Amino acid sequence: MSEQGNASREAVINYFDGSSRTAIIHDREVPYPEGKLIVSRTDTKGIITHANQAFVDMSGYTQEELIGQNHYILRHPDMPAVAFAGLWETLEAGNKWHGYVKNLRKDGAYYWVKATVIPNIRNGEVVGYTSVRRKPSRSKIAESEALYATLK
Ligand SMILES: Cc1cc2nc3c(=O)[nH]c(=O)nc-3n(C[C@H](O)[C@H](O)[C@H](O)COP(=O)(O)O)c2cc1C
């Protein structure tokens with residue numbers, strides 16, 4: 001199968017919680033929108049509790065489809081599990097995490113983000129997390145692509 005000359009494939013994505021899904025992957029990048037911040041919030045388990053309009057637009061899901069879903073709905077099979085292990089370890093220690101993430105859209109295409117994720121603290125307790133994404137540079141995307149390929 002092909003789309004605009006780009007390859008597409010089926011991939012089984014296995015999640016950390018033991019569930020899995022089969023997704024159609026198109027090797028087609030959707031460029032990060034200029035000047036936009038893609039913002040989401042989750043509870044302590046990574047269930048989406050808030051998604052801004054830029055997140056809705058880029059992911060291809062509606063607001064209703066996103067709220068209540070696990071954030072791994074965006075997980076791209078090219079992302080190594082260790083990247084997310086590092087994210088959760090950092091967050092659970094109460095720290096801020098920065099990283100480059102390749103995200104899977106509902107239509108099977110992908111987009112790269114530069115993400116900053118912070119714990120939300122109320123009365124000294126972590127009540128959830130916020131992720132704010134910006135446009136990554138082409139050089140950081142290339143670097144991350146090469147690094148993640150070695151970690152898969
Ligand atoms: C606030 C927040 C934002 C996240 N954003 C993403 C994201 O954009 N894409 C993604 O693949 N995982 C994201 N994650 C990580 C997922 O929760 C999950 O760990 C990851 O997709 C890997 O799936 P797995 O842990 O089941 O292996 C985010 C987690 C948090 C707490």
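Modeller: Before we dig in, a nonpolar core here means a set of buried Ala, Val, Leu, Ile, Met, Phe, Trp, Tyr and Cys residues joined through C-beta atoms within 7 Å. Keep in mind that this is a predicted model.

Colleague: Fine. Which residues have the most contacts inside the largest nonpolar core?

Modeller: Y111 and V113, in a core of 16 residues. The elements that put in two or more residues are β5 (48-51), α1 (53-59), β6 (97-104) and β7 (110-122). β7 has the largest share, with four residues.

Colleague: What is Y111 in contact with, leaving aside its neighbours within four places in sequence?

Modeller: E29, V30, Y32, M58, N103 and R105.

Colleague: Now I24, over in strand β3 (residues 20-26). Why is I24 called partly exposed?

Modeller: Count the C-beta atoms: I24 has 14 others within 10 Å. Buried takes 20 or more, and exposed means 12 or fewer. The count of 14 falls in between, so I24 is partly exposed.

Colleague: And what does I24 touch, not counting residues up to four places away in sequence?

Modeller: S8, E10 and G108. As for V12, it is twelve residues from I24 in sequence, and the two C-alpha atoms are 8.9 Å apart in space.

Colleague: On to the sheet. What makes β5 and β6 the edge strands?

Modeller: Each of them pairs on one side only. The sheet is open, with five strands in the order β5-β4-β8-β7-β6 and antiparallel pairing. From one strand to the next, the twist averages 30°.

Colleague: How do you know that β7 and β8 count as a pair?

Modeller: Pairing needs at least two bridges between the strands. β7 and β8 are joined by nine bridges, so they count as a pair, and they run antiparallel. Within that part of the sheet, N120 stands opposite G128 in β8.

Colleague: Which strands does α3 touch where it packs on the sheet?

Modeller: β6, β7 and β8, and the direction of α3 makes about 140° with that of β6.

Colleague: Last topic, the ligand. How many residues surround it, and which are the closest?

Modeller: There are 19, and the closest are Y15, F16, G46, Y72 and R75. Two or more residues come from each of β4 (38-42), α3 (81-92), β6 and β8 (125-134). α3 gives the most, with three residues.

Colleague: What is the make-up of that shell by class?

Modeller: Eleven nonpolar, six polar and two charged residues.

Technical notes
Residues are numbered from 1 along each chain as its sequence is written. This is a predicted model: local features need pLDDT of at least 70, side-chain atom pairs count only at pLDDT 80 or more; totals for chains, interfaces and linings use all residues. Two residues are in contact if their C-beta atoms, placed from the backbone, lie within 7 Å. A residue is near a molecule or strand if its C-beta atom, placed from the backbone, lies within 6 Å of it. Ala, Val, Leu, Ile, Met, Phe, Trp, Tyr, Cys and Pro count as nonpolar, Asp, Glu, Lys and Arg as charged, and the others, Gly among them, as polar. Axes are lines fitted to C-alpha atoms, for helices over the stretch in contact, and angles run from 0 to 180 degrees between N-to-C directions.
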